[in-house]
Each structure stands twice: as C-alpha cells, then as structure tokens.
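Q: I have a model open at the bench and would like a close look at one part of it, the nonpolar core. Please take me through that part slowly, along with what lies around it.

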Amino acid sequence: PPGAPPGADEAEARRERLDRASRAMGGLLLRGYRMLGSSCPQCGTILLQDKEQRLLCVTCQDPEGRGGGHGTAGGGWRG
C-alpha cells in the first residue's frame, strides 16, 4: 500500500503464515494430536504427534493430505 513502511508486505505475509499454522495446530490438538518440545528441522515450526506416534509439521505438510506447504517434493518432512 502507498505510504506503508518498507517491509510491511513481508510482515503481513509472515503474520498470515503464522495465523494459518496456529489455526491448523489448534484444530489438530482438538483432534488428539500432541504438541512436542521439538521443532521441524526445515522451518522451525513446533512439531505435533498423532496417536500412531507420527510427527507432523503444519507448515511443511498439509494435515489433510492435500499437498502444499513449503516442504520437499515428497510432501514435507515427516519423522
């Protein structure tokens, strides 16, 4: 936007990414996922774990399996 300080667009994009990750984490926690004390080695987002002990990064992976995120061509990092 005209008159916006330098970097405002980048800050807004970052805020939107964080909001999406927070909403995804909240939904998964309500579905029984656990928040771990470790983070994704690719992006630094806190990892979640499902009941089968699978790890999930909500930034690198789509929890619903639709693709997307910023992970590798293999669908993101899964430990």
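A: Happy to: we will begin with the model itself, go into the core, and then work outwards to the cysteines and the charged residues.

A word on the ground rules comes first. This is a predicted model, in which local features need pLDDT of at least 70 and side-chain atom pairs count only at pLDDT 80 or more, while totals for chains, interfaces and linings use all residues. Residues are numbered from 1 along each chain as its sequence is written, and side-chain values use heavy atoms, with hydrogens and water left out.

The pLDDT (the predictor's confidence in each residue, from 0 to 100) averages 80 over the protein, and 73% of the residues score at least 70. Among the elements, E1 has the highest mean, 95, and H1 the lowest, 91. Helices here are DSSP runs of H or I with at least four residues, and strands are runs of E with at least two, numbered from the N terminus. Residues 67-79 have a pLDDT below 50, yet this stretch has 27 contacts in the model beyond near neighbours in sequence. A contact means heavy atoms within 4.5 Å.

Now to the core. The term stands for a set of buried Ala, Val, Leu, Ile, Met, Phe, Trp, Tyr and Cys residues joined through side-chain atoms within 4.5 Å. Buried means under 20% relative accessible area, exposed means over 50%, and partly exposed lies in between, using a 1.4 Å probe and protein chains only. The largest nonpolar core has 7 residues: Ala21, Met25, Leu28, Tyr33, Leu48, Leu56 and Val58. Helix H1, residues 8-30, supplies the largest share of this core, with 3 residues. A second, separate core has 6 residues, among them Leu36, Leu47, Leu55 and Cys60. In soluble globular proteins, nonpolar side chains tend to be buried together.

Alanine 21 is a good place to zoom in. This residue is found in helix H1 and counts as buried because its relative accessibility is 11%. Setting aside residues up to four places away in sequence, alanine 21 touches Val58 and Thr59. The C-alpha atom of alanine 21 is separated by 9.1 Å from that of cysteine 57, 36 residues apart along the chain.

Threonine 45 is worth the next look. You will find threonine 45 in the loop between strand E1 (34-39) and E2, and at 16% relative accessibility this threonine is buried. Leaving out neighbours within four places in sequence, its contacts are Met25, Ser38, Ser39, Cys40, Cys57, Val58 and Thr59. With threonine 59 there is also a side-chain polar contact of 2.8 Å. A polar contact is a pair of N or O atoms within 3.5 Å; within protein, one must be able to donate a hydrogen and the other to accept it, and residues adjacent in sequence count only if both atoms are side-chain atoms.

Two of those contacts are cysteines, so you may wonder about disulfides. A disulfide is a pair of cysteine sulfur atoms within 2.5 Å, and the count comes to 0. The closest cysteine sulfur to that of cysteine 40 belongs to cysteine 60, at 3.7 Å, which is too far for a bond. For cysteine 57 the closest is in cysteine 43, and 3.5 Å is again too far for a bond. Both residues are buried, cysteine 40 at 3% relative accessibility and cysteine 57 at 0%.

Finally, the charged residues. There are 3 salt bridges in the structure, each a side-chain nitrogen of Lys or Arg within 4 Å of a carboxyl oxygen of Asp or Glu. One joins arginine 15 to glutamate 12, with the closest N and O atoms 2.4 Å apart. These two partners sit in helix H1, 3 residues apart, about one turn of the helix. Arginine 15 is partly exposed at 43%, as is glutamate 12 at 35%.

Arginine 54 forms salt bridges with aspartate 50 at 2.7 Å and with glutamate 52 at 3.1 Å. Shared partners therefore join Asp50, Glu52 and Arg54 into one network. Its members range from buried aspartate 50 at 8%, through partly exposed arginine 54 at 41%, to exposed glutamate 52 at 53%. Glutamine 53 lies in the loop between strand E2 (46-49) and strand E3 (55-56). Its phi is near 70°, a positive value in a residue other than glycine, and glutamine 53 is partly exposed at 49%.
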